Amino acid sequence: MAKVRASAQFCGCCTLLFGVEFIAGLHLLLAVLTISFVSSMEPIEIVGITVSPIVQVAQGAWCLLGIPIIIGAGVGGLYRIESHLRVYFYYLCGCFIIDLVYAVGFVVTGSVCAALIAPEVQKMGAAFVCGLTDTFFFFWMLIVFVILGYFIFTIWSAAEEVARSNFPELLHHKDALSAVPMADPLHHHAPTGAGQYGAA
């Protein structure tokens, strides 16, 4: 079975440290915004989708749980702490699964067309209009999940890099140092005239 190879860069041009800080910062902003909109009393409507208070509270609790994990990941990326990055990796996997369940349930129940298309437009041909809308929604949902999957892969790559070496930028000096001949301590002699404790 082939092993997945960790990436050495973020987006092909930036360091993994930048990738970790960018992902953590974006995720922290999203978590704070989500918590700020949570209501335990009244449902809210987002792009024609009604979210019940129970779902809001559950999502807010999950985001609240993630705030210290996200901050820890930012610190872990900066100071190369593998455990912080691993915990954030598992949290992101949980976010991926939760978002996937929401999206699939939304598509399966047929709520996309009712939420995004006006009833007047649906009367012009519900099968064609709703089919086109479902396809459009599925396409953009796929793009979002691919990006989220890449973010998860970046965090995993950063954790793997830290696990290999705490200071990977010093690895390229290893070969140069190994080529330098080292003095043999068995053939090392003290300077002439020097006793056991120095010069007499």
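1. Let's start with E160: with 19% relative accessibility, this residue counts as buried, since the cut-off for buried is under 20%. Keep in mind while you look around that this is a predicted model.

2. What does the side chain of E160 pair with? It meets the side chain of R86 in a salt bridge, at 2.7 Å from N to O. E160 sits in helix α6 and R86 in helix α3, so this pair ties together parts that are 74 residues apart in sequence. The two side chains also make a polar contact, again listed at 2.7 Å.

3. R86 has another salt-bridge partner to look at, namely E82, with 3.1 Å between N and O. Both residues belong to helix α3, and because they are four residues apart there, about one helical turn separates them. E82 has 29% relative accessibility, which means it counts as partly exposed.

4. Put those pairs together and you get a network: E82, R86 and E160 are joined through salt bridges that share partners. If you want to find the arginine of this group, look in helix α3.

5. Which residues does R86 touch once its neighbours within four places in sequence are set aside? The contacts are W156, A159, E160 and A163. So E160 turns up here as a contact of R86, as well as being its salt-bridge partner.

6. How many salt bridges are there in total? The count comes to three. One of them links E161 with R80, where the closest N and O atoms are 3.1 Å apart. E161 belongs to helix α6 (residues 126-164), while R80 is in the loop between α2 and α3 (82-108), so this pair ties together parts that are 81 residues apart in sequence. E161 counts as buried, because its relative accessibility is 18%.

7. Now for something without charges: the surface carries a nonpolar patch. L17, I71, V75, L78 and Y79 make it up, and together they have about 480 Å² of accessible area. Which helix gives the most to the patch? That is helix α2 (residues 53-79), with four residues.

8. A last stop is I71, one of the patch residues. I71 lies in helix α2. Is I71 buried, exposed or partly exposed? Its relative accessibility is 45%, so it counts as partly exposed; the partly exposed class covers what falls between the buried limit of 20% and the exposed limit of 50%.

How values were computed. Residues numbered from 1 in each chain as written. Predicted model: local features only at pLDDT ≥ 70, side-chain atom pairs only at ≥ 80, totals over all residues. Heavy atoms only, no water. Patch = residues over 30% accessible without salt bridge, like charges linked within 9 Å, V, L, I, M, F, W, Y side chains within 5 Å. Areas by Shrake-Rupley, 256 points an atom, 1.4 Å probe, with all protein chains shown as cover. Salt bridge = Lys/Arg side-chain N within 4 Å of Asp/Glu carboxyl O. Helix = DSSP H or I, 4+ residues; strand = E, 2+ residues; numbered from the N terminus. Buried < 20%, exposed > 50% of the residue type's maximum accessible area, 1.4 Å probe, protein only. Polar contact = N/O pair within 3.5 Å; in protein donor to acceptor, adjacent residues only side chain to side chain. Contact = heavy atoms within 4.5 Å.
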